[in-house]
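Subject: Handing over the model and what was found in it

Dear colleague,

I am passing on the structure we spoke of, and the notes on it come directly underneath. Please read them with the coordinates open beside you.

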Amino acid sequence: MAMAIKNRKYPDKKLIHHSDRGFQYCDPKYTTFAENNNITMSMTEQYNPY
C-alpha cells in the first residue's frame with residue numbers, strides 16, 4: 001500500500017480501499033496507516049469481496 005500511495009496519479013482525489021474482511025486488512029496497523037493517508041476503508045460482511 002505504501003508503494004501505491006507514493007505512486008498515486010491523483011493524490012488529491014478521495015480513495016476507498018474495498019476488501020473482504022481478511023485479517024490482514026483488519027489489522028490496526030494497516031487500517032491506521034490507510035486512514036492516516038486519507039484512505040477510507042470499506043469491507044463487506046460475510047467475507048464476500050463482492
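What follows goes from the chain as a whole to strand 1, then to helix 3 and the loop after it, and lastly to Arg 8 and Glu 45.

Please keep in mind throughout that this is a predicted model, and that every value below is computed from it.

**The chain as a whole**

The chain contains three helices and two strands, and when it is read along the sequence these elements come in the order α-β-α-α-β. Its C-alpha trace spans about 30 × 20 × 15 Å along the principal axes. Of the 50 residues, 16% count as buried, while the area that the chain exposes is about 4400 Å², of which carbon and sulfur atoms supply 52%. If one takes the contacts between residues at least 6 apart in sequence, 54% of them join residues that are at least 24 apart. As for charge, the chain carries 7 positive and 5 negative charges, and the mean positions of the two groups are 10 Å apart.

**Strand 1**

Strand 1 covers residues 15–19, and His 17 is one of its members. Because its relative accessible area is 17%, and the limit for burial is under 20%, His 17 counts as buried. Once the neighbours within four places in sequence are set aside, His 17 is in contact with Met 1, Tyr 25, Tyr 30, Ile 39, Thr 40, Met 41 and Ser 42. With one of these residues, Tyr 30, there is also a polar contact between the side chains, at 3.0 Å.

Ile 16 belongs to strand 1 as well, but its relative accessible area is 53%, so that Ile 16 counts as exposed. Not counting residues up to four places away in sequence, Ile 16 touches Thr 40 and Ser 42. The C-alpha atoms of Ile 16 and Ile 39 are separated by 5.7 Å, although the two residues are 23 apart along the chain.

Ser 19 is also placed in strand 1, and a relative accessible area of 7% makes Ser 19 buried. With neighbours within four places left out, the contacts of Ser 19 are Tyr 25, Ser 42, Met 43 and Thr 44. Strand 2 runs over 39–43, and residues from that range appear in the contact lists of His 17, Ile 16 and Ser 19.

**Helix 3 and the loop after it**

Helix 3 comprises residues 28–36, and Asp 27 caps its N-terminal end, with a side-chain oxygen that lies 2.7 Å from the backbone nitrogen of Lys 29. Asn 36 has its place in this helix and, at 60% relative accessibility, counts as exposed. Measuring nothing but C-alpha to C-alpha separation in the model, one finds Asn 36 and Cys 26 to be 15 Å apart in space and 10 residues apart in sequence.Asn 38 follows helix 3 and sits in the loop between that helix and strand 2. You may wish to look at its backbone, since the phi of Asn 38 is positive, at about 60 degrees, although the residue is not a glycine. At 63% relative accessibility, Asn 38 counts as exposed.

**Arg 8 and Glu 45**

Arg 8 is located in the loop between helix 1, which covers 2–6, and strand 1. Its relative accessibility of 21% is not under 20%, and therefore Arg 8 counts as partly exposed and not as buried. Leaving out residues up to four places away in sequence, Arg 8 touches Lys 13, Lys 14 and Leu 15, and a polar atom of its side chain lies 3.1 Å from the backbone oxygen of Tyr 10. The C-alpha atoms of Arg 8 and Ile 39, which are 31 residues apart along the chain, are separated by 12 Å.

Glu 45 lies in the segment after strand 2, where a relative accessible area of 64% makes this residue exposed. Between the C-alpha atoms of Glu 45 and Gly 22 there is a separation of 11 Å, and the two residues are 23 apart along the chain.

With best regards

Notes:
Residues numbered from 1 in each chain as written. Predicted model: local features only at pLDDT ≥ 70, side-chain atom pairs only at ≥ 80, totals over all residues. Heavy atoms only, no water. Helix = DSSP H or I, 4+ residues; strand = E, 2+ residues; numbered from the N terminus. Buried < 20%, exposed > 50% of the residue type's maximum accessible area, 1.4 Å probe, protein only. Polar contact = N/O pair within 3.5 Å; in protein donor to acceptor, adjacent residues only side chain to side chain. Contact = heavy atoms within 4.5 Å. Areas by Shrake-Rupley, 256 points an atom, 1.4 Å probe, with all protein chains shown as cover. Lys, Arg positive; Asp, Glu negative; His and termini not counted. Charge placed at Lys NZ, Arg CZ, Asp CG, Glu CD.
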